Each structure stands twice: as C-alpha cells, then as structure tokens.
Amino acid sequence: MYTIQKAKTEFLQAIKQAAPPGFIPTIEDLETPPDQKMGDLAFPCFDLAKGLKRNPAEIATELAAKIGPKGFIAEVKAVGPYVNVLLDTKSFGEAVYTEMKELGDEYGTSDVGADKRLMVEFANLNSHKDVHIGHLRNLFVGQAAVNLLKATGYDVVPVAYINDLGLHVAKSVWGMKTYHEHEEVKPENRIAFLRDVYVEANKILEEQPALSAQVTEVFRHLEDGRGDEVALWKETRGWSIDYLKEVYSELDLTIDHWYFESEVIAKTKKIIEELIKKGIVKESEGAWIVDLKDQDLGVNLLIKTDGTLLYNAKDLGLAMKKEEDYHPTRSIYVVDERQSHALRQLFATLKLMGFERELQHLSYEFVTLEGGAMAARTGNVIRYEDLRDALLGEARRETESRHQDWTKKKVEKVAHAVAFAAMRFGMLKQDTGKKIVFNLKDAVSFEGFTGPYLLYTYARIRSLIKKAGRKKSKGTSTTLNHPTEHQLVLRLAKYPEIVFDTAQKLEPAVLCQYLFDLAKTFAEFYANVPVLTQEGAKLSERLGLVKAVGDVLAHGLDLLGIDLVEEM
RNA sequence: GCACCCGUAGCUCAGUUGGAUAGAGCAUCAGCUUGCGGAGCUGAGGGUCGUAGGUUCAAGUCCUGCCGGGUGCACCA
C-alpha cells in the first residue's frame, strides 16, 4: 500500500472512531480541499449529517475535536462542513521518500493487471498515403495507453494493423497503372509520388465516375492476387511500409506485431462462408450483410455487390488471427471517434459469432484544421514531416540563441528532444473526448502548459544536482517547512494514484495535468526557496526533495513517451 | 429523421465522478537580475459555466426541453 493510501486510511480510521458507531466511511469519500491552506485531505460531513438529521458544520466541529494528531496527521480542523487534516511533512515525507527509494522505477506502478494479457491495436495507418497530424494523436494516445497499462501490471501486446489493401490502394494502383506507367520514381520522391497519384486519381474519378469500374477491376485482382497490378502493388506497398516503419521508429513506437489487411483476406472469406451457412450473414440488395437492426446498429455490410470485401469484414478475420496468435483476454482498439458506429457493429458481429473476449473501443476525437477537417483525398492535410520540421526549426532557433557556445551536434540533440516533447504533449494534454483544432502558432509554443516547460523544469533540476556535486542529498524532511515544500511532498505522494487513475480511464490528459502542476509547484519552490546556499540538513533534505521531483517528472514523462534532456 | 460527442474568461482548455471562494495556459497590462537556468516567477483586469425548467441541504457536474457546433447512420476506411 502506498503512503498516500496509508495516510488516508489513518484519517478514515480516526473518523470512524470519532463518529457514531455503525458509520463506515470509505477512501472514496475523502476529497482534496480547494485551497492548500485548508489542509491536505478533507472529509465531507454531509452524509453523516443527513443520517443524524443535524447540521454538517456542527458535526465537523465535533469530529475534529475528537481527533488528535497521530501518525501522519499533524493537525485536524473543522472548516465549515468538512473535517480537514494537515499531514505531517516530517513523518509523511519520510515515508514517501523511503518508498520512492525502495521502489525506484517501480514507484507509481501497480499490479492490478497481473496475469492478464491485453492487446492494444493502434497505429492503424493506410499504406499509399502520408502520415499527417491527425494520425499523430492516434500514435501518441495509443503508445501512452500501452505504457500506462504496462505500468499497472498488464501483459500488453501492442499491435499495428496496416490497411494496405483497401479501396484507397486500388485507386492508387489504378492511377499509377493508367497515368504513370513506366514512370521512374526516385527513392526520395516515392511518398510524394504516391500522394500526388492518389489525389489525382480521386479528382479524375470524381469528374468521370464511370471509370470507377476500372478501379473495381483492379481491386478484385489485388484481392485475388492475380493480374499485372499485383507486382505494382507489391512494389509501392513496400515503399509505404518502409516509410511507415521509419516514422514509427522516429516516434519510438513499441509495436510487437504488424498485421496487414492483405494477409487476412483469405481467412475473412472463409469466416464469411461459415457465417453464411450459419445464417448470420445474409444476402441483401445484392450485397452480404449482418443484420443488427434489433440492436439499433443497422446492418454491418461485409461484401459489396461487386464482390469485394469491406473493411469491417476484414476486421473479423483480423480478430480471429489476433486470437490465434496471442489469445488476449481483452482487446483495446485505439480508433478515431468517427468509427465508433463501425466498431460497435464489429463487436456485435463478433459476439454473434460466439467470440467472447472483452472488446473495448478507446475512442478519441480527431484533429481538425481551423478551416475544417483534413482529407488525404484532396491533399488538404498537414503532414507529420511539416509539423516536425516546423518544431525542429523553432527548437533549433531557441536553443542556439541560448547557447551560442554549443556544438551543432549538441544543439541538434536538444532541439530534437524539445520539438518532440512539444509535439507529443500537445497531442496528449487535451481530453480525448475533445477534438483538437490544430493551430501551428500554439503547436510551436514552448511556454506554459507545454512539453518543453516540463523539460525545462527537469533540466533545472539536473543542473541543481550537478552543481551540488558531492554534497549528499537525504531522504528525510525534518527541516522542510516552506509551504511549497509541503506541497511538493504531497504531490509526489499522490503520483501512484494519478498513474492508476490515468491508466484506468486511459486518459493521458490526467497525467499531463498532474505533471504540469508538479512542475509549476516546483518552479514556485525554485523561485522562493534557496537550495545550494544552505548547509547541513537543510541542504541535503532540499536536494533530496529536488531529486525526488526530478524522478517523478522523468517517470511520468516516460509514460507519455517523452524523452528528457539534462540541459537545454 | 435517429444516434453519439461537444458548448466554462478575448482564444485554447482543466474542473477531484453532486460539495467549500469556478481554475490553468496563451494573449493584454504592471512588476521581478548581485541565490541555484528569465523556455521562469509575482500580480492585475477578464465569468449570468449556451439557454429555460426540474431533482437536491448543495448543480459547471444529474434529468427534460430548446439553441448552436461537430461526427456517424448500406457498398469509404
């Protein structure tokens, strides 16, 4: 049990003893007072008052009078209808330090997920297309989910599912075959070429809808693996996969297994045949569907009238393949909110098939531009590389202006960390239920509630520790008395609860907010409390506190997938 | 038409699962260098929490209606 929980339990125990017999408060009843001056933990007396039909403020006063300082509790006072306690910086702080020291990197983690294998499917990008800023949210939310679930003890299998054989690919291959045959494409221009062809093909098809019959023909050939388009598909698919692998590696995604749409087609066809025999899949208007109207989910369209498979159909094959490969007890699909209807259909269909695993859609709202949604079809996107280079440019400029004496290599390393921290934090700090209206000016800002601010806080911490040199830091808190010191200890203690909560909700923004608050409190401490000029216990204990803040900051940022630098 | 998401300061967002005086960042304005990094700190202005009802001792938070924005609902993924 973590120290913060012990402190809460102590408080509850005291309340229980002071309250009338039979009243059993729970840890969930405890709150945090809105103002630190009011105390560290609060117990609201409303429920008790209701049972006794008395004024909650009176009850709070009575309870507070009966509870004395004991253990971690230094002070008890009634504030209106609340009983508030102030924790003892010395004993509480010491307990927090001790457990941080004992647990090391494990501090904040838990084992609720022990013995459970969990699959996280994310990074489901399309081949033959660019990576744009909308995808980044998926990649970062997915990776954070993977890290957080691992931190709560799950055996996590992160997988990516690449859509390398959808209609978009058929359009692309058709466009190349029809308008760019035998055209030589230099390796460095491959992705741009694919993008241009895709936009061009869409434009032509819009103007001449009759040509879509040709695309269908190409699609059929690709699905069946025959015809002269297959070679072209294979080659260009290779370009795309190389590109995606490069991007994923640049973003440090940890993906255990890559699944491809093209490899689940045969299995999907077999599954559908069986489902037809069982009467689950039926013919309707020339297409093949699963009727889910009784569940208010409409119909799940699997095979089009032209005989080609739809995305939802192939997801059935994928689910079975994943089950064979890893048999996870729970599967999390990290997918854009716009697909929630399709995913509900998928889950419902799998259930009809007798697939009993727990399935969860981790949905997030999409990233849009100020002028409206992005669309690869028309080329109206901000590509990942554009954002990255804008961030790198800005970070380089900032770093150079601060450190004229640094080598180019050093500047580059720091600029890289700053740029990527800004990118990741920017995508993670907002609640997944809210869409992000992308704004380049805000995105390249390094001040305030941003990744670089956290990196900066960490760099200042490292600088302090480096300057302290051989002076010892100590995991005690006998002399800590500044309000910010108390606040820092309390925040450090709460870290395990935050990690747990963030992992439970799979809402990285919660952790972002916490880390920012921690950094903010540290900055206040830093501006008001001297460290290196102190001596004796004051020096060593403050150094200990500084180091502990740095450790939690590093741990939390690591969970978000953000790399740190020692100086910047 | 139906379903889901959203509406909080000029802008972008938090808001402890119904509790105390609704908070941050950006922007604006005013300050902070002889002590450790100014990507920082301190302060100020800025709010009928879309709106009208309802439930409750207590509503930004729950329920209902309405308004506004977004997304989805059979051959895209």
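**Notebook: RNA strand B and the domain 1–domain 3 interface**

I began with Glu 337, where a side-chain N or O atom is 3.5 Å from a sugar or linking oxygen of RNA strand B. I note here that the model is predicted.

I then looked up two backbone approaches to the strand. For Lys 435, a polar backbone atom is 3.3 Å from a phosphate oxygen of RNA strand B. For Val 531, a backbone N or O atom is 3.0 Å from a base nitrogen of RNA strand B.

Next I asked which of the residues around RNA strand B come nearest. Of the 64 residues there, I list Tyr 82, Lys 304, Arg 402, Lys 434 and Val 529 as the nearest. By class, I get 32 nonpolar, 16 polar and 16 charged residues on the surface near RNA strand B.

I checked which part of the strand faces the protein. Sugar or phosphate accounts for 55% of the atoms of RNA strand B within 4 Å of the protein, and bases make up the rest.

I also looked up the elements behind this surface. At least two residues each come from the strands β3, β8 (287-291) and β9 (299-303). The helices α12 (340-352), α13 (384-402), α16 (451-468) and α18 (508-528) also each supply at least two.

I turned to the domains. Chain A is split into domain 1 (3-87), domain 2 (122-261 + 326-378) and domain 3 (384-559). Taken over C-alpha atoms, the centres of domain 1 and domain 3 are 34 Å apart. Their contact involves 7 residues from domain 1 and 7 residues from domain 3.

How much area do domain 1 and domain 3 bury between them? I read about 680 Å², with 56% of it on carbon and sulfur atoms. On the domain 1 side, Ile 4, Gln 36 and Asp 40 supply 64% of the area buried against domain 3, more than any other three residues.

I counted polar links across this interface. The rule finds 3 residue pairs in polar contact between domain 1 and domain 3, both residues at pLDDT 80 or more. On the side of domain 1 that touches domain 3, α1 (3-18) and β3 (82-87) are the elements giving two or more residues. That side divides into 3 nonpolar, 2 polar and 2 charged residues. I note that β3 also appears among the elements supplying the surface near RNA strand B.

The salt bridge count between domain 1 and domain 3 is 1. I looked up the pair Lys 8 and Glu 497, which form a salt bridge with their closest N and O atoms 2.8 Å apart. Lys 8 sits in helix α1 and Glu 497 in helix α17 (residues 483-505), so the pair ties together parts that are 489 residues apart in sequence. For the wider tally, I record 32 salt bridges by this rule.

Methods. Residues are numbered from 1 along each chain as its sequence is written. Chains are lettered from A and ligands numbered from 1 in the order in which they are written. This is a predicted model: local features need pLDDT of at least 70, side-chain atom pairs count only at pLDDT 80 or more; totals for chains, interfaces and linings use all residues. Side-chain values use heavy atoms; hydrogens and water are left out. Domain bounds come from an automatic or database domain assignment. Contact means heavy atoms within 4.5 Å. Buried area is the accessible area (1.4 Å probe) that two parts lose on being put together, summed over both. A salt bridge is a side-chain nitrogen of Lys or Arg within 4 Å of a carboxyl oxygen of Asp or Glu. A polar contact is a pair of N or O atoms within 3.5 Å; within protein, one must be able to donate a hydrogen and the other to accept it, and residues adjacent in sequence count only if both atoms are side-chain atoms. Helices (H or I, at least four residues) and strands (E, at least two) are DSSP runs, numbered from the N terminus. Ala, Val, Leu, Ile, Met, Phe, Trp, Tyr, Cys and Pro count as nonpolar, Asp, Glu, Lys and Arg as charged, and the others, Gly among them, as polar. A residue is near a molecule or strand if one of its heavy atoms lies within 4 Å of it.
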